[in-house]
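User: I would like to learn how to read salt bridges, sheets and helix faces in a model of this kind. Could we go through them one at a time?

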Amino acid sequence: MSPEAPLKLAIEGMTCASCVARVEKALRKIPGVRDASVNLATETATVDAPEVAPDTLLQAVTQAGYGVATAQATLAIEGMTCASCVGRVEKALRKVPGVLETSVNLATETARVRMLAGTPLAALHAAVAGAGYAVKVDAPIAGDAPTATPTHTREARHLALAAALSFPLLLPMLLMPLGIHWQLPGWAQWLLATPVQFWLGARFYRAGWGALKAGSGNMDLLVALGTSAGYGLSLYNLLLDGLGQGGAPLYFESSAVIITLILLGKWLEARARRQATDAIRALQALRPATARVLREGVEVEWPVDQVQPGETVVVRPGERIPVDGRVLDGSSHCDESLLTGESLPVPKAPGDAVTGGAVNGEGRLHVQVTAVGAESVLARIVRLVEDAQAKKAPIQRIVDRVSAVFVPAVVAIAGLTLLAWGVASGDWPQALLNAVAVLVIACPCALGLATPTAVMAGTGVAAKAGILIKDVEALEHTRRLRSLAFDKTGTLTAGKPRLMQMTAFDGDDDALLAQAAALQAGSEHPLAHAVLEAARSRGLAMSAAEEVAAVAGKGVRGRVGARTLALGHARWMGELGVDLEPGAAGASAASTAGWTQSWLAEETGAGWRLLGLFAFGDAPRPEAPAAIADLHALGLRTVMLSGDNRAAAAAVAAQVGIAEADVNAELLPADKVEAIRALGLAGPVGMVGDGLNDAPALAAATVGFAMGSGTDVAMHAAGITLMRPDPRLVADAIDISRRTVRKIHQNLFWAFIYNVIGIPLAALGMLDPMVAGAAMAASSVSVVGNALLLRRWSPRARTTTGATSP
């Protein structure tokens, strides 16, 4: 950044002149900041700091108590071929003033850029162009890519032409083992090889020249140098020999066949990469373009993007549901398999939520729209999977450092090979061929593809199974887990408790239930649903509660009429000073039955007075025992963390297979965090939960698993989201994580082994250049093909019946 171009930060949270002074002071304290000026009216800070990274400025503003607006852009990059290209594009983008973070993915050919708000996209485009590449404007990104593109069709055509032109050059070699000695005239070889070299192989020259202009190298440069050397030597011999009438050796077939083989490898690689994004494309394809909106009693076909929340959409039998919503009228079954991995149709009735992209079954539904576009569940799933695929695995950063020096090192080895063979043997043509073999066997593209293709395939197949992996770090950490902590209610149990017993100490059960229902009217907690359901079944009239406040991990309090009430567990009642002795016998009986208890108390002038006791029963999920057994089979310890009383928690633990010694009950959210930290001392720990009070523990765990039936807060805090409430998906998530990371390691091994073995063999003169070219093409194809084997993975949690797949 130059002094003539000061950086502008959009500051959030300033309200007065003292805020301005505080932000300016924070910025000016940073070493290297020459000047900082903050404008309250425009809410911007202008900073002259040529040597200071934007991240440092952002941290200073954040520490001062304010925010800095940031933006994110995804660019489709054209022309990248190997890991060296990735490093060069990232380096160029990081130099743009205002860029905070960049991540370039070779497999998806995209660059994800996080930057200060207001950073011009034109500057990013210019930086990419300066590095020798291009940004495809209005190009589809990752999963949006169609199954066949004009570029792919052109590549296939070029490959077919190259193969047709190269085959006659290769034919004499194929006939030799049969005792047939036949050779094309030199001029014919030249005519066939020239279009392959300079027309069909022009992509290597263009990309190689771009790399040279940017002061670096890439795979294309190696191919261009190697094949040009072979072609040039052949042309030189041809001209010396009077247009091929003598016996000088020609190597046109080597240069042409090498280019053809590498074009074949690139075509197969691109085809395989599109298969790796099948999961995203399948999800994108679920979105209908139009919806049938009910307006003034008339059904109107309307673009989905123009449908508004609150409107009513009509979905006919067999149609895809176009929006997220809630059923107003009608009943049916919906196929949500591509969204949640659930293979059985899910029954839907008035009041049930439906998700855009699901297929409606036999019934006609009227659906009230709750979300469309970017806010829909489907869009958020796609965004989550794309984010996971765009981010880099920690191991990829090591590969990037290797790739930065790879091409210069290969060119140096090729130069030394040429000199050593030429000086030692005096056979300079053979020395040149050995150097060509070194250049064309080097496989930087395999290094660049090893990690992202495995991540794409693994996260894609996991998404199809209803497992959304938030980022690559979660993928890496999940495979190392040693213990899993489970919340009880809604995670191991069905989360649909029923009110089993109720005791009003003044004898008026209806009044007690009405008061509790008034307090719980706006709550999403499963116990609240049980109270409200019981009140509705009795036809009770509920007063509106006021000043209602949820007390995390304890209960809820508020005012019903003139009375201040508190509803929660025994521990909280004890903190409030409530005497629970009148309900001790009932509580003991409920604990023996494994029921959860809640107490209702009223605040009086003399303190809190007990009004009644509620007991709730919540059956374990039918899949829970199999889920715990699967985790034990994987060698993991399972632990229960519950805010419920110990007897209720222990009863559920016994039914699902968790040892009594591993049951932790009567925990507040902060207690769950401490329990997670204690478990973490023995190794990486995962936390599985679904509620608001689980969010701190989910964030504290090495990996958090949020059940899809849970709250948005829980899902935001978790590294992995399970799209349906089946605890067996936890074992599936660990399994696919282990398999994906194993594929990454296998791919890196093969990518390195090709180079570690191939380059020395080529330098020793033990590899023909054509064999070297075939090996280079095979390296990329084998790495991508190995990653695609993950698509054969099948989750054990296929249905909600509790059965596992073989």
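Analyst: Let us begin with one pair: Asp510 forms a salt bridge with Arg538, the closest N and O atoms being 2.7 Å apart, where a salt bridge is a side-chain nitrogen of Lys or Arg within 4 Å of a carboxyl oxygen of Asp or Glu. This pair links distant parts of the chain, with Asp510 in helix α18 (residues 509–520) and Arg538 in the loop between α19 (526–537) and β21 (545–551), 28 residues apart. Helices (H or I, at least four residues) and strands (E, at least two) are DSSP runs, numbered from the N terminus. The model is predicted, so that local features need pLDDT of at least 70 and side-chain atom pairs count only at pLDDT 80 or more, while totals for chains, interfaces and linings use all residues. Residues are numbered from 1 along each chain as its sequence is written, and side-chain values use heavy atoms, with hydrogens and water left out.

User: Are Asp510 and Arg538 buried, exposed or partly exposed?

Analyst: The terms rest on relative accessible area, with buried meaning under 20%, exposed over 50%, and partly exposed in between (1.4 Å probe, protein chains only). Asp510 is partly exposed at 36%, and Arg538 is also partly exposed, at 44%.

User: How many salt bridges does the structure hold, and which residues are linked in a network?

Analyst: The structure holds 25 salt bridges. A network of them links Arg292, Glu299, Glu301, Arg316, Glu319 and Arg364.

User: What can be said of the salt bridge between Arg559 and Glu547?

Analyst: The side chains of Arg559 and Glu547 meet at 3.3 Å, N to O. Because Arg559 lies in strand β22 (residues 555–560) and Glu547 in strand β21, the pair ties together parts that are twelve residues apart in sequence. Arg559 counts as partly exposed at 26% relative accessibility, whereas Glu547, at 62%, counts as exposed.

User: How should I read strand pairing, and which strands pair with β5?

Analyst: Strands of a sheet pair through backbone hydrogen bonds, either parallel or antiparallel. Here two strands pair if DSSP finds at least two bridges between them. Strand β5 (residues 70–78) is joined by seven bridges to strand β7 (residues 110–116), and the two run antiparallel; within this pairing, Gln72 has Arg114 of β7 as its bridge partner. β5 also pairs with strand β8 (residues 134–135), in the antiparallel sense over two bridges, with Glu78 opposite Ala134 in β8.

User: With which side chain does Arg114 meet in a salt bridge?

Analyst: The side chain of Arg114 meets that of Glu101 in a salt bridge at 3.4 Å, N to O. Glu101 belongs to strand β6 (residues 99–105) and Arg114 to strand β7, 13 residues apart, and the pair links distant parts of the chain. Arg114 is partly exposed at 27% relative accessibility, as is Glu101 at 44%.

User: In what order do the strands of the seven-stranded sheet stand, and which stand at the edges?

Analyst: The seven strands form an open sheet in the order β18-β30-β29-β28-β19-β26-β27, with mixed pairing. β18 (467–469) and β27 (663–664) stand at the edges, each with a single partner strand, so one side of each is left without a neighbour in the sheet. Within the sheet, strand β19 (residues 483–487) and strand β28 (residues 685–689) pair in the parallel sense over four bridges, and Phe486 stands opposite Val688 in β28.

User: Where do the buried residues of helix α23 lie around its axis?

Analyst: To read a helix face, one takes the arc of the directions from the helix axis to the C-beta atoms. In helix α23 (residues 646–656) the buried residues are Ala648, Ala649, Val652, Ala653 and Val656. They cover an arc of only 130° around the axis, which puts them on the same side of α23. With contact meaning heavy atoms within 4.5 Å, these buried residues pack against elements including α17 (488–492), α21 (584–592), β26 (637–641) and β27. Just after α23, Gly657 takes a positive phi of about 105°.

User: Which residues of helix α4 are buried, and which are exposed on the other side?

Analyst: Leu124, Ala127 and Val128 are the buried residues of helix α4 (residues 121–130). Seen down the axis, they fall within an arc of 100°, so they line one face of α4. Ala122 and Gly130 are exposed on the other side of α4, while the cover over its buried residues includes β5, α3 (83–94), β6, β7 and β8.
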